[in-house]
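Trainee: I'd like to learn how to read a structure like this one. Could you walk me through it, feature by feature?

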Amino acid sequence: MSLSLVFCSKNKDTDKTDDNTEIDSISKWIKQSKNIKNTQFNREKLLKKAFEVTKQQKSDSVKNKFFSKIALEAFNIGNDELFKKVNLKALLLSTKLRDTFRIGDAHWNYGSYYTRKEMIDSAYYHYHEAYKRFKSIKNESYTAKMLYNMGYIEGLLKDYTGSEVSIFEAITIFKKLGKDLNLYQCYNYLGLIYNNLNEFNRAIYYHNKALEYLKNIKNKRLYKEGSLSNLGLVYQKLKDYEKAIESFEEALNNSNLRKRDINFYARLIDNIAYTKFLDGDTTNVAEELYKSLKIRDSVKNISGIVVNKLHLAELYAFKQDTLQAIKLANEAHNLANKIENNRDKLKSLLLLSKIDDKNSNTYLKNYVHLNDSLQIEERKIRNKFTRIRFETDEYIRETEKLSQQKILISVGAFFTILILSFAYFLRVQRTKNKELLFEREQQKSNEEIFSLMLKQQSKLEEGRLKERHRISEDLHDGVLGKIFGTRIGLGFLNIKGDERAIKKHQFFINELQNIEKEIRTISHELKNEILSSKEDFFKIIDNLIEQKSNIGNFEYKTVYDKKIHWSEINDGIKINLYRILQEALQNIIKYAHASNVKIEFKLEENTLILLIEDDGRGFDVFEKRKGIGIKNMKSRVRKLNGVFEIDSIINKGTAIFVSCPIQN
């Protein structure tokens with residue numbers, strides 16, 4: 001795939017700096033560091049010199065401008081240590097100066113850095129932070145670029161719906177700004193998305209649309225060749241091998257391609273040879289694949305080497321040279337494992353499971369395990385991402401415009417129709433009163449509808465729990481009993497045959513026993529709901545605290561009032577207290593880093609009290625911004641008609657007090 005990403009930011013030099021020797025020198029060193037004719041060592045040396053002199057500048061605005069530039073160039077030349085050091089200073093200083101643009105720029109740089117390191121959750125976070133800053137200052141071009149970058153990250157995680165939304169939002173802005181290059185990148189990426197979704201006609205349409213925008217761009221670089229390669233991959237999936245080869249060869253026709261991008265040149269040779277092989281034509285395919293492999297090996301393109309070896313392994317397997325095929329597939333797998341390329345690890349495992357009959361089951365199991373673990377991890381990261389939606393800026397501006405027009409009309413009417421002004425005023429007042437009355441009635445209706453919705457949701461939840469219990473009982477009493485009977489019956493069978501058959505018989509009996517255990521475990525887990533648990537509630541609390549203490553590495557003490565009879569207490573109270581304690585412990589782990597935690601449940605008259613104390617870092621309770629966790633705890637306590645109080649001293653600790661009346 002040919003992926004295009006708006007990695008590098010272009011800083012706006014809006015600061016006016018003093019014209020002195022040091023500042024001129026810093027600018028000169030940064031400019032020289034961009035010269036690719038200089039050695040890597042000299043470029044890094046120039047940037048480090050610029051950084052040290054910048055730190056000595058008295059003007060914060062001057063320092064901030066140069067920090068931003070140096071960080072960007074450090075990223076471009078691949079000096080991670082210098083980039084992280086300088087970009088952190090740029091972000092901190094920009095925050096101090098409240099320079100929204102450069103805060104966004106620093107986050108953009110971080111996003112690019114983490115994308116290159118394939119830490120995609122961190123990359124998405126920083127692109128989103130940059131997006132918020134650029135949007136707040138109405139920098140539409142950079143806002144759209146961040147949307148594109150977020151869409152790119154979502155595409156990597158196979159969140160194609162989210163990726164589509166972000167890319168189309170970016171397209172809307174780029175069209176308004178007339179940014180042809182950015183529009184090319186967006187449509188090219190949409191083509192890649194729809195190819196992954198196997199929507200090949202749409203993929204072809206968007207790749208061709210990207211090529212249309214490319215016609216308006218003077219410096220086309222290798223964009224056209226990249227799009228042709230992408231089209232070739234679409235046709236390859238469609239099994240239209242003739243068109244695929246035609247697209248690849250058209251891209252390869254660029255006479256300077258080998259000199260400009262040798263990796264891309266080798267990839268096209270590999271694509272053409274592999275497409276011929278898929279079409280059943282093996283003439284000179286091995287020679288072309290080895291030619292591509294030799295080029296990739298010379299430039300240490302490990303990912304490309306893996307792909308080449310996989311294609312060669314498929315070719316040798318087709319020629320029934322199984323030993324050579326297995327050797328190449330294993331080499332590809334080891335290299336993919338070395339560079340942590342999970343996509344090609346999966347391909348190599350699947351290929352080995354097909355060609356290595358002796359170890360086929362092992363490879364297939366490893367493939368399934370890796371594929372499942374990757375899907376789970378991708379799902380976890382996707383759940384972290386917040387969907388980005390359009391804000392109603394345009395609507396607000398239109399509303400303000402209409403309000404201004406209304407005021408002008410009213411003023412004009414007042415001066416031109418003075419005699420009727422009083423009557424007009426009374427009429428308007430009556431209309432407003434009617435509108436207010438209507439709004440009150442509408443609000444009341446909305447509240448009633450919302451109340452019904454909550455009740456309906458409660459009934460749905462109750463039905464879900466009952467269904468879980470029914471399934472659990474059916475599994476335990478029905479399916480488990482039948483499997484047990486079958487296993488016992490098989491155990492009493494007198495199987496005759498060779499030793500291998502007897503061992504298989506015993507193996508299947510053992511497998512049935514394992515299945516019984518799994519069903520029993522599932523049955524118990526289905527019933528292990530907090531609301532319906534037959535366990536003592538304190539045991540559930542103990543399990544939660546012990547689990548969190550192991551994660552947070554803190555000591556804990558629990559004090560339970562023996563007067564509390566949980567079986568007589570409303571389930572709603574139990575579930576809400578459990579969730580409040582769970583959220584509090586999570587905050588202790590994430591923020592407080594406490595060494596000791598005390599949890600106390602006690603009963604005073606008809607009031608249940610929960611007290612949570614820790615000796616952690618503490619925080620300022622009067623700070624305006626509070627996390628959603630504390631808001632959720634307060635919300636739960638309100639539902640119980642209780643009292644929620646939180647007291648915290650910085651570097652001393654935090655105490656949370658919850659009380660609520662008992663509802664039997």
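Trainee: What span should the 17 residues of helix 9 have, and how far apart are its end C-alpha atoms?

Mentor: Bear in mind that this is a predicted model. Helix 9 covers residues 180-196, and at 1.5 Å a residue its 17 residues should span 24 Å. The end C-alpha atoms are 25 Å apart, which agrees with that expectation. Just after the helix, Asn198 has a positive phi of about 65°.

Trainee: Is helix 9 enclosed or open?

Mentor: Count its buried residues, taking buried as under 20% relative accessible area. In helix 9 that is 14 of the 17 residues, so the helix is largely enclosed by the rest of the structure.

Trainee: Which residues have the most contacts inside the largest nonpolar core?

Mentor: They are Ile70, Tyr187 and Leu190, in a core of 89 residues. Helix 9 gives the most to this core, with 9 residues. A second, separate core has 37 residues, including Ile564, Leu581, Ala584 and Ile656.

Trainee: And what does Tyr187 touch, beyond residues up to four places away in sequence?

Mentor: Its partners there are Ile171, Lys175, Tyr206, His207, Lys209, Ala210 and Tyr213.

Trainee: Let's try another helix. Which residues of helix 23 are buried?

Mentor: The general idea helps here: an α-helix has 3.6 residues a turn, so residues three or four places apart point the same way. In helix 23, the buried residues are Phe537, Phe538, Ile540, Ile541, Leu544, Ile545, Lys548 and Ser549. They cover an arc of only 165° around the axis, which puts them on the same side of helix 23. What covers them includes strand 1 (555-560), helix 24 (571-592) and strand 2 (596-604).

Trainee: Does the length check work there too? What distance separates its end C-alpha atoms?

Mentor: The distance is 23 Å, and the 16 residues of helix 23 (residues 537-552) should span 22 Å at 1.5 Å a residue, so the two agree. After the helix comes Asn553, with a positive phi near 55°.

Trainee: How do I read a single residue? Is Phe134, say, buried or exposed?

Mentor: Start with its relative accessible area, which is 0% for Phe134, so this residue is buried. Phe134 lies in helix 6 (residues 120-136). Then look for partners that are distant in sequence: Gly104 is 30 residues away along the chain, yet the two C-alpha atoms are 6.2 Å apart. Leaving aside neighbours within four places in sequence, Phe134 contacts Phe101, Gly104, Asp105, Trp108, Asn139, Tyr142, Thr143 and Met146.

Trainee: What about a polar side chain? Where is Asn64?

Mentor: Asn64 is in helix 3 (residues 60-76). Its relative accessibility is 1%, so Asn64 counts as buried. Beyond residues up to four places away in sequence, Asn64 touches Ala90, Leu93, Ser94, Leu97, Asp99 and Arg102.

Trainee: Last topic: strands. In which sense do strand 3 and strand 5 pair, and over how many bridges?

Mentor: Strand 3 (residues 607-614) and strand 5 (residues 653-661) are antiparallel, with 8 bridges. Within that pairing, Ile612 is opposite Ile656. Strand 4 (residues 643-649) also runs antiparallel to strand 5, through 7 bridges, and Glu645 has Phe657 of strand 5 as its bridge partner.

Trainee: What joins strand 4 to strand 5 in their hairpin?

Mentor: There are 3 residues between the strands, and in this hairpin Asn651 takes a positive phi near 70°.

Definitions and conventions:
Residues numbered from 1 in each chain as written. Predicted model: local features only at pLDDT ≥ 70, side-chain atom pairs only at ≥ 80, totals over all residues. Heavy atoms only, no water. Helix = DSSP H or I, 4+ residues; strand = E, 2+ residues; numbered from the N terminus. Expected span 1.5 Å × (residues − 1). Buried < 20%, exposed > 50% of the residue type's maximum accessible area, 1.4 Å probe, protein only. Arc of directions from axis to C-beta. Contact = heavy atoms within 4.5 Å. Pairing = 2+ DSSP bridges. Core = buried A, V, L, I, M, F, W, Y, C linked by side-chain atoms within 4.5 Å.
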